[in-house]
Amino acid sequence: MLLQMLVIVLLSSWVFEEYLNNIYLQAYVNGVIQADGSVIAILIIVGALGMALGLLKVLKSTHRQIGALVTQPQITPSAPIGSSSKPSLDLHPMVAALKADMAHQASMQPLPPVELKEASLPVPVQAPPPPPPPQKPNVGSPPTPTLKKTGF
């Protein structure tokens, strides 16, 4: 994402420099803004308002869902595994709702049994066998041919 931002900034600065140094590009951009400037401004304003209303709708929906989770009756197990006897702290409503949901799910599904295996003793590392001793050449066999280097 950082690379994309860098490319966008680089290309934007290139177009801006081109606009400053090219009178034909300046004339074109000024003509487009004069002819379609009001349409562009209206599109930008309508787009910004649409995004703001959409975000507000999502915010209200999320707030309503959090409120429903917080007002649900919480079933606390008698003594959950791994819990401590510390007094409970005043938590954010979303955190409290998530903790209640996790406790409810944990009480519904039993944990799978844990299988323990005994550790075996490490196998000692053996050194590789020594290489076989070199063989003596046979006296009666013909010599092997060798290639001689020739200079060019």
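Q: What makes up the roughly 15600 Å² that the protein chain exposes?
A: Carbon and sulfur atoms supply 69% of the about 15600 Å²; areas like this come from the Shrake-Rupley method with a 1.4 Å probe. Keep in mind that this is a predicted model, where local features need pLDDT of at least 70, side-chain atom pairs count only at pLDDT 80 or more, and totals for chains, interfaces and linings use all residues. Residues are numbered from 1 along each chain as its sequence is written, and side-chain values use heavy atoms, with hydrogens and water left out.

Q: Why is L11 called partly exposed?
A: Buried means under 20% relative accessible area, exposed means over 50%, and partly exposed is in between (1.4 Å probe, protein chains only). L11 has 42%, so partly exposed it is. As for burial, buried residues make up 1% of the 152 residues in the protein chain.

Q: Where does L11 sit, and what patch does it help make?
A: L11 lies in helix α1 (residues 2-21). Together with L3, L6, V7 and W14, L11 makes a nonpolar surface patch of about 560 Å².

Q: How many helices and strands does the protein chain have?
A: There are 3 helices and 0 strands, where helices (H or I, at least four residues) and strands (E, at least two) are DSSP runs numbered from the N terminus.

Q: Which element has the lowest mean pLDDT, and which the highest?
A: pLDDT is the predictor's confidence in each residue, from 0 to 100. Helix α3 (residues 93-108) has the lowest mean, 74, and α1 the highest, 96. Where pLDDT is low, don't read the predicted coordinates in detail.

How values were computed: Patch = residues over 30% accessible without salt bridge, like charges linked within 9 Å, V, L, I, M, F, W, Y side chains within 5 Å. Salt bridge = Lys/Arg side-chain N within 4 Å of Asp/Glu carboxyl O.
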